[in-house]
Amino acid sequence: VANCQGRFLVFVRSNEAAARLARLVELVSYKVFGQLVAAKRCSGEMRVQDRRKVLRDFATEDDGVLVCTDLIARGIDMHIDYVINYDVPLGAREYVHRVGRTARAGNSGNAITIVSPGNDTKHFWDIQPSIARSGELNEEDAHLEVDEEKYQEALSELGQEVHAH
């Protein structure tokens, strides 16, 4: 989120998660880092024409965040700098379709999978032997200093918005 440069495609498992994460990216980017990163979402509960418009708009931007479900893991043909699996895909096939959105047509790209304890770990270790990778992200690369109080404020605001709807 800090100094967000490039196109980020973030995959989650549900329509609800897409809506919440897109809003959380906006809140955290503004409240914690002092810059608004507008995060768009593309998920199954949206009308087809609305999804198409989101994808067209996203394709014309140099930088941006698009939070989506596996609905668009196939069929979009645009340069994506980073694919982030916020929710671990359920299998190797889903993983390949997701990360296949980056490093297309001979370009380089990056895929990051966020793994948390519990079921995510099981799914990740099930698909991990099936994937090849050319680089590793070490802990130093992934470390980011965050003002915990401002982060909690952003989470609280998201909670208030969710309960208000």
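Here is a short chat about aromatic rings and nonpolar cores in a predicted model.

Trainee: How many aromatic pairs does the structure hold?

Mentor: One. As a general idea, a pair of aromatic rings is described by the distance of the centres and the angle of the planes. Here the rings belong to Phe8 and Tyr82: their centres are 4.6 Å apart and the planes sit at 10 degrees, so we call the pair stacked.

Trainee: Which parts of the chain does the pair tie together?

Mentor: Phe8 is in strand β1 (residues 7-11) and Tyr82 is in strand β4 (residues 82-85), so the pair links parts 74 residues apart in sequence.

Trainee: Is Phe8 buried or exposed?

Mentor: Buried, because its relative accessibility is 16% and the cut-off for buried is under 20%. Tyr82, at 27%, is partly exposed.

Trainee: What lies over the face of Phe58?

Mentor: That's Arg7, at 5.9 Å from the ring centre.

Trainee: On to the cores. How should I read those?

Mentor: In soluble globular proteins, nonpolar side chains tend to be buried together. In this model the largest nonpolar core has 18 residues, and Val10, Leu21, Val65 and Val67 have the most contacts inside it. At least two residues each come from β1, α1 (15-31), β3 (64-68) and α6 (148-164). Helix α1 gives the largest share, seven residues.

Trainee: Which residues does Val10 touch?

Mentor: Leaving out residues up to four places away in sequence, Val10 touches Leu21, Val65, Leu66, Val67, Cys68, Ile84 and Tyr86. Apart from that largest core there's another, of 17 residues, including Leu9, Cys42, Ile76 and Tyr95.

Definitions and conventions: Residues are numbered from 1 along each chain as its sequence is written. This is a predicted model: local features need pLDDT of at least 70, side-chain atom pairs count only at pLDDT 80 or more; totals for chains, interfaces and linings use all residues. Side-chain values use heavy atoms; hydrogens and water are left out. Rings of Phe, Tyr and Trp (its six-membered ring) pair if their centres lie within 6.5 Å; planes under 30 degrees apart count as stacked, over 60 as edge-to-face and the rest as tilted. Helices (H or I, at least four residues) and strands (E, at least two) are DSSP runs, numbered from the N terminus. Buried means under 20% relative accessible area, exposed over 50%, partly exposed in between (1.4 Å probe, protein chains only). A charge sits over a ring if NZ of Lys or CZ of Arg is within 6 Å of the ring centre and within 35 degrees of the ring normal. A nonpolar core is a set of buried Ala, Val, Leu, Ile, Met, Phe, Trp, Tyr and Cys residues joined through side-chain atoms within 4.5 Å. Contact means heavy atoms within 4.5 Å.
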